[in-house]
Amino acid sequence: MPTSRRRQDEATTVARARQGDAAALDELYRRYRDQVYTLCLNLCGNREEAQDLLQETFVRAWRGLPRFAGRCMFSTWVYRIAVNLSRDAARRRRRAPDFVPSARVAHDSPVDDVRAALAGLQHPHRAVLVLRYFQSFSHKEIAECLHWSLSRVKVTLHRAKRAFKDSYLQMNSTKEAQP
Amino acid sequence: MNCRSVMRVLIEYLDDELQASERAAVAAHLQTCAACRAEEAALRRAEGALTTLAVVEPAPDLAADLHHRISALSPPRARPLRWAWCGVAVVVVAVATALVVRIYPRTAPQPIPVPRPVEIATPAPRASATSAVPHHQRTRPTAVALRRPRRQHFVAHAPPPKPVHRDEVSAEPATLETAPTPLGLILLLGPPRELALFSSYNVEVSMPDGTQSLLRQEITRDETGEPVAITMICENIGGADRPPNQGG
């Protein structure tokens with residue numbers, strides 16, 4: 001579906017949901033549930049926490065729907081809620097005395113290795129990488145989603161790629177060193 | 001190109017964001033430098049790993065539970081309460097200002113407190129060592145020396161203000177035809193938080209010297225409707241040709 005038509009279709013559904021149409025909300029939930037869940041999982045690296053974040057994201061989106069002005073796409077707005085919630089969760093987690101970033105991620109598959117490497121990064125680096133490579137956002141869309149300037153997105157993405165490369169290689173070398 | 005400059009632009013090279021000449025220079029360097037080639041391979045590998053992130057479905061029971069939970073929430077409605085509070089705040093400010101400017105003219109001007117001449121007590125002369133009065137029988141001065149106040153207080157004779165006609169606060173300029181009282185100024189310049197956050201206003205104030213000022217407040221909101229910035233502007237809009245109040 002073309003972007004313009006998708007945007008129009010989404011705007012119609014959001015308008016219905018704002019008027020209290022439960023079917024429209026159900027449609028929005030079904031449309032974005034998996035994307036938001038995977039976004040949360042990539043950002044926090046933990047399935048249980050991703051489920052909590054998914055719930056909280058949709059509850060907040062549902063409650064804040066009257067304040068959604070429609071200047072960006074509903075999906076961008078929901079992703080922003082999810083990114084902000086995962087950032088707050090990461091801050092709370094860092095304060096825990098026994099916090100080890102990559103230890104919380106299961107290493108069952110190569111994708112889990114990627115998530116574990118992501119978990120070792122700073123949250124802004126994680127967010128731009130996930131939005132760029134998982135959501136396939138352009139620089140402009142990332143800037144819109146995170147409320148950042150375009151230059152900040154580019155600089156952060158550049159640093160994030162290097163940081164991820166170091167983290168990923170270190171993780172692989174550690175795995176190879178283990179018996 | 002040396003290794004350092006290649007490392008600096010290697011990510012842009014991989015993203016194909018370099019100009020043709022620069023790209024050719026990087027490619028030529030990579031053919032000759034094993035260390036830079038290894039770095040390029042590592043970056044490609046990491047980027048390739050990032051593209052393996054795929055959509056994951058949440059557990060079915062969680063999806064059903066969340067669906068049930070969201071359905072149980074009350075339907076979203078625009079919250080009129082905020083605007084109701086805003087309206088209440090505007091009315092309270094308008095009434096308070098009107099009361100203040102009504103009370104102010106009735107207050108008779110207070111006489112200027114003239115500091116009375118203060119008698120400064122002269123300390124008792126010290127008894128000399130040859131005095132016949134014993135030390136324990138000497139009297140100490142009982143009056144405490146009063147000091148003249150160092151700062152003279154002046155009370156300005158402001159002409160009694162004329163009756164106020166103030167329109168309700170609105171987008172259209174309203175006129176306040178008198179000198180605002182201190183409380184009135186506080187209300188105008190520092191309105192309560194609810195009013196400051198949720199309303200834009202535009203009030204024209206006539207000062208006693210004939211000048212006119214425009215008090216303006218503008219709210220900047222983001223797309224979620226939340227106020228993100230408040231701009232308060234006080235502009236002198238002239239009116240100096242207007243004669244000052246001659247209220248005596």
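Helix 4 of chain A passes helix 7 of chain A in a right-handed crossing. This is a predicted model. The axes of helix 4 (residues 74-94) and helix 7 (residues 139-146) of chain A come within 8 Å, and they cross at roughly 60 degrees. Helix 4 of chain A is therefore oblique to helix 7 of chain A. On the side of helix 4 of chain A, the residues that meet helix 7 are A:Thr76, A:Tyr79, A:Arg80 and A:Val83. Helix 7 of chain A brings A:Glu141, A:Glu144, A:Cys145 and A:Leu146 to this contact. Sorted by character, the residues of the contact are four nonpolar, one polar and three charged.

Next come two residues with a positive phi. Most residues other than glycine have a negative phi. A:His147, which is not a glycine, has a phi near 60 degrees. A:His147 is placed in the loop between helix 7 and helix 8 (150-177) of chain A. In chain B, B:Asp16 also has a positive phi, of about 60 degrees, and is not a glycine. B:Asp16 lies in the loop between helix 1 (3-14) and helix 2 (20-32) of chain B.

Are these residues buried or exposed? The table gives the counts of neighbours.

| Residue | Other C-beta atoms within 10 Å | Class |
|---|---|---|
| A:His147 | 13 C-beta atoms | A:His147: partly exposed |
| B:Asp16 | 7 C-beta atoms | B:Asp16: exposed |

B:Asp16 counts as exposed because 7 does not go beyond the limit of 12 or fewer. A:His147, with 13, is partly exposed because its count falls between that limit and the 20 or more of a buried residue.

The nonpolar cores are the next topic. In soluble globular proteins, nonpolar side chains tend to be buried together. The largest nonpolar core here has 54 residues, and A:Cys40 and A:Phe164 have the most contacts inside it. Helix 2 (residues 22-44) of chain A gives the most to this core, with 11 residues. Leaving out residues up to four places away in sequence, A:Cys40 touches A:Ala50, A:Leu53, A:Leu54, A:Ala82 and A:Ser86. Apart from the largest core lies another one of five residues, including B:Val6, B:Leu10, B:Val26 and B:Cys36.

Chain B can also be described as a whole. Seven helices and four strands are found in chain B. From the N terminus on, their order is α-α-α-α-α-β-α-α-β-β-β. Of the 248 residues in chain B, 12% are buried. Among contacts in chain B between residues at least 6 apart in sequence, 61% join residues at least 24 apart.

Note on methods
Residues numbered from 1 in each chain as written. Chains lettered and ligands numbered in written order. Predicted model: local features only at pLDDT ≥ 70, side-chain atom pairs only at ≥ 80, totals over all residues. Contact = placed C-beta atoms within 7 Å. Core = buried A, V, L, I, M, F, W, Y, C linked by C-beta atoms within 7 Å. Axes fitted to C-alpha atoms, helices over the stretch in contact; angles between N-to-C directions. Parallel < 35°, antiparallel > 145°, perpendicular 65-115°, else oblique. Left-handed = near helix turned anticlockwise from the far one by under 90°. Nonpolar A, V, L, I, M, F, W, Y, C, P; charged D, E, K, R; others polar.
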